[in-house]
Amino acid sequence: MPSQPSVLYEDNHLLVIDKPPGMSTQGAVPGAPSVVDWARSYLKRRYAKPGNVFVGVVSRLDRDVSGALVLARTSKAAARLNDQFRLRTTEKIYWAMVEGTPPATFDCVDYLKVDERRPRVETVDAGIAGAQEARLQGRRLRCAGSLNLVEVRLETGRKHQIRVQLASRGWPIVGDRRYGSTHSFAGGVALHARRLTLQHPTRREPMTFEAPLPASWTRLGVADSRFPPDVPESGEKSGRRG
């Protein structure tokens, strides 16, 4: 069983949590624990709410990914947060431990398509039916033996986007066997939603939430602290793919 989420912030409109690896955002498998089920139970107990409790899903994290995740507590908040994610006015920063050695900074532009038969996501040519453009920026934070810690700033939000785009360049995320990792990792996949910035749905002020690294990352040689880049900011950038 996965560990339980912890609350990073809550008010009448928002519930921001630190999602543990191993828990789906919404129940993909009947009976399996999900963030939504946990949030409903938590809010019902905390505020002694009778009947159903509203929990709005406005973004998702993959089952084996940890980190900051926002849920809406009202339909108005859900609608406004959905607009922010759709218009890409939110900022999502991820940390990933990868195999291989990315350059100091990198831009990744690909076209991705879900292969429902396998199931997995693949990089394809731009003209392929169903292909979606995927863009991210990243930088290498530090080396940890044969592995490297990278920070990724998402510009689009496609399924498995970070996992596929990094793996396609020879930098699979530790523990991500689906996309080529040769390392096992007890914490699921070494991808963590480190920081989320959004506008409060009613106060209209920017808010930033940061989720600490799971304890399992210490086995990778990374403690929960900020790291200066171990290479200069100006460096070779990866080229366009797809």
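These legends accompany close-up views of a predicted model.

**View 1. Overall fold of the protein chain.** The protein chain contains three helices and eleven strands. Read from the N terminus, the elements follow the order β-β-α-β-β-α-β-β-β-β-β-α-β-β. The C-alpha trace spans about 55 × 40 × 40 Å along its principal axes. The radius of gyration is 18 Å, which agrees with the value near 18 Å for a compact globule of 242 residues.

**View 2. Burial, contacts and surface of the protein chain.** Of the 242 residues, 51% are buried. Among contacts with a separation of 6 or more, 63% join residues 24 or more positions apart. The accessible surface is about 11700 Å². Carbon and sulfur atoms contribute 48% of that surface.

**View 3. The tilted pair of Tyr-9 and Phe-209.** The structure holds three aromatic pairs, and one of them joins Tyr-9 to Phe-209. The ring centres of Tyr-9 and Phe-209 are 5.5 Å apart. Their planes meet at 40 degrees, so the pair counts as tilted; the tilted class lies between stacked, under 30 degrees, and edge-to-face, over 60. The pair links distant parts of the chain, with the two positions 200 residues apart in numbering. Tyr-9 belongs to strand E1 (residues 6-10). Phe-209 belongs to strand E11 (residues 206-210). Burial differs across the pair: Tyr-9 is partly exposed, at 21% relative accessible area, whereas Phe-209 is buried, at 6%. The cut-off for buried is under 20%, so Tyr-9 at 21% falls outside that class.

**View 4. The stacked pair of Trp-38 and Tyr-42.** Trp-38 and Tyr-42 form an aromatic pair with 5.1 Å from centre to centre. The angle between the planes is 10 degrees, and the pair is stacked. Both residues lie in helix H1 (residues 35-46). They are four residues apart, which means a separation of about one helical turn. Trp-38 counts as buried at 13% relative accessibility. Tyr-42 is buried too, with a relative accessible area of 13%.

**View 5. The charge of Arg-194 over the ring of Trp-95.** This view turns from ring pairs to a charge and a ring. The charged end of Arg-194 sits over the ring of Trp-95. The distance from that charged end to the ring centre is 4.4 Å.

Key:
Residues numbered from 1 in each chain as written. Predicted model: local features only at pLDDT ≥ 70, side-chain atom pairs only at ≥ 80, totals over all residues. Heavy atoms only, no water. Phe/Tyr/Trp six-rings, centres within 6.5 Å; stacked < 30°, edge-to-face > 60°. Buried < 20%, exposed > 50% of the residue type's maximum accessible area, 1.4 Å probe, protein only. Lys NZ or Arg CZ within 6 Å of the ring centre and 35° of its normal. Rg over C-alpha atoms; globule rule 2.2 N^0.38 Å. Contact = heavy atoms within 4.5 Å. Areas by Shrake-Rupley, 256 points an atom, 1.4 Å probe, with all protein chains shown as cover.
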